[in-house]
Amino acid sequence: MIKTGEINSNTLSPILNLDEAQQQAMIEQLALAPDTIAYDILFFLMNTMGPTHPLRPRLYQLTLDRAHINFKFSLILINHTNPERPGPIIHLIKHILSKETDTDLLKEIFRAAGRLGMEFFVDDLAEFVFYNDLELRKEAVTAMERIGTNKAVQRLEQIAKTDKCDLDVLDALAFLKGKRKAISIHPSRKSPKPSRSGPSQPITPKPVPIESAPPHPTTSHPATSHQDPYKNNVRLLASPHIEDRFNAFDYFSDKRTEVAEALHDNLNTQTPDLLENLLILIGRTIPRESLGDLLTLTEKKDLKNSIRFSLYTALSHYPGLESTAPIVKAVTDPAVFVSMAAIRALDTHCSDYVVAEIRKKIESGTTAGETLTTTILDTCASRLIDALMASDTFSYISSNYLESSAPLRAIDTWISILENRKQTATAKKLARIRESRSRADQPVVVVIHQSAPYTDVVSKLIHGCGFCARTFSAPQEAFEFIVSEKPAGIITDFFVRQMRITDLAVEIRELYPAEEVPLMISSLQQHLDKSHLALMLKTYGINGFWEFPPKPGRLKALTG
């Protein structure tokens, strides 16, 4: 069907009689089908495979992935979404409403929102009333009328006080108020149950330019006494003094909502340090309401590589991603540290679409495909590796790399996957290769960071310099290893979980002097006061500061 384009009831119906393995194979092919064909097949399958069908989640996810590239696919999702538990579709539709210019598609979305009583889109619908497109204004008012909740009435009342008030707005208000009056006279007639807000975390609506509208939740603060500390600490995130940044990180460490608010307020900041540090805080606090803003950032064309690395690193901490298309494009980025962060983010969201797109790049027969394969192995992206093993090209390139020059952590990841698959013979062969390499007398360099993309990048560079990397996500685990085995050097960032580098340095220097075990900071933090930083390094026995990612030449000199 994909090849011929013959999509009709006769060709589609046999799909339902396939066994589960055949249907899974079909979904893999469908992930790469042209939009026109994929839309018709997905529309049919979503309508015929019930909500309890074992493949239903994969079909829904594939449709969601396609919808982030072609907004038309969102219409399939809307009709198969429970309005009381809308889940990831909220961010997608809000994104579409802010970007789409196709009037017909927007009207379809408005009608679906009204028909299903999707109250969480009231703010977005209200904004369209202020547009010059008369058709969209009328459809938006009609949708708000059909939603009919207190919030919808409130927004219509606010619109009625502006110069955008017309007969459609007044008629909608008259109908809703008359309906409520009838219910108050006849209390036995219950009003329809209003839609719930959906996710447990608050959703950030677009601001509605209406006189006397309530403050936007992402730009107001609960009390005046709270306002100054918030603003001051946002400013301190870009201070030239590292101690100020330490204090700002401490302030925001347990304030998820304020971190989301700060990112939303500073999406267009011209201060790179501020945006990078907000993204680091997003990765630590993981506010669900920030996914829309992260999605917005992935589409910006002019971001520095350091900010893009921080963005994909933040996304790698989310258990599920709603938009993967911009991230898939980054897996072959010329900046390897950016591509590794993107691969980590996709590894948390290993959907059929993601696997199909990456497999297509690998099987293209280009040098980029071979580089992508080895980068995936260096990143230890176990879910992607497991899914891509079905590709002969991926397996062939991987086998050569593992047997020749792959780092030990990549071999460990592959062995673990083989053991889970019960492929013990191949696992034993790789175990022998690992054992022979681990006997080599290589200096051990400890890398400490809470984010896997950071340790992935530094480990790859360390391996390229002929050293062995031992990575730890928590300072305490690293310290236990350092006590038992003296490393050739230690590399970390200014902030590791809740511990500052100064506190970690004090503990390490109680064990080893600076001349025996160099402690280096490699960080994206920039524009710091050099004299102030030099004094801190000297005071705490820290050997030096490197930019991130560190240059191989500096790494080679670490044990010299």
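Student: In this predicted model, what makes the pair formed by Asp102 and Asp104 at the start of helix 7 a polar contact?

Tutor: A side-chain oxygen of Asp102 comes to within 2.9 Å of the backbone nitrogen of Asp104. A polar contact requires N or O atoms within 3.5 Å, so this pair satisfies the distance limit.

Student: How do you know that the span of helix 7 is close to the expected one?

Tutor: Helix 7, residues 103-115, reaches 18 Å from its first C-alpha to its last. The expected span is 1.5 Å times one less than the number of residues; for the 13 residues here it is 18 Å, and therefore the two agree closely.

Student: Which residues of helix 7 are called buried, and why?

Tutor: They are Leu105, Leu106, Lys107, Ile109, Phe110, Ala112, Ala113 and Gly114. Each is called buried because its relative accessible area is under 20%. These residues pack against helix 5 (74-78), helix 6 (89-99), helix 8 (122-128) and helix 9 (134-147). Just after helix 7, Gly117 takes a positive phi of about 65°.

Student: What makes helix 19 mostly covered?

Tutor: Of its 12 residues, 11 are buried, among them Phe337, Met340, Arg344 and Asp347. Since buried means under 20% relative accessible area, the description "mostly covered" follows from that count.

Student: How many residues line the largest pocket, and which lie nearest its centre?

Tutor: The lining has 25 residues, with Met26, Glu28, Gln29, Leu30 and Ala31 nearest the centre. Helix 2 (20-30), helix 20 (352-362) and helix 22 (382-388) each give two or more residues to this lining. By class, the lining holds 14 nonpolar, 2 polar and 9 charged residues.

Definitions and conventions:
Residues numbered from 1 in each chain as written. Predicted model: local features only at pLDDT ≥ 70, side-chain atom pairs only at ≥ 80, totals over all residues. Heavy atoms only, no water. 1 Å grid on protein atoms, 1.4 Å probe; cavity = no way out; pocket = protein on both sides within 12 Å on 5 of 7 lines; lining within 4 Å. Helix = DSSP H or I, 4+ residues; strand = E, 2+ residues; numbered from the N terminus. Nonpolar A, V, L, I, M, F, W, Y, C, P; charged D, E, K, R; others polar. Buried < 20%, exposed > 50% of the residue type's maximum accessible area, 1.4 Å probe, protein only. Contact = heavy atoms within 4.5 Å. Polar contact = N/O pair within 3.5 Å; in protein donor to acceptor, adjacent residues only side chain to side chain.
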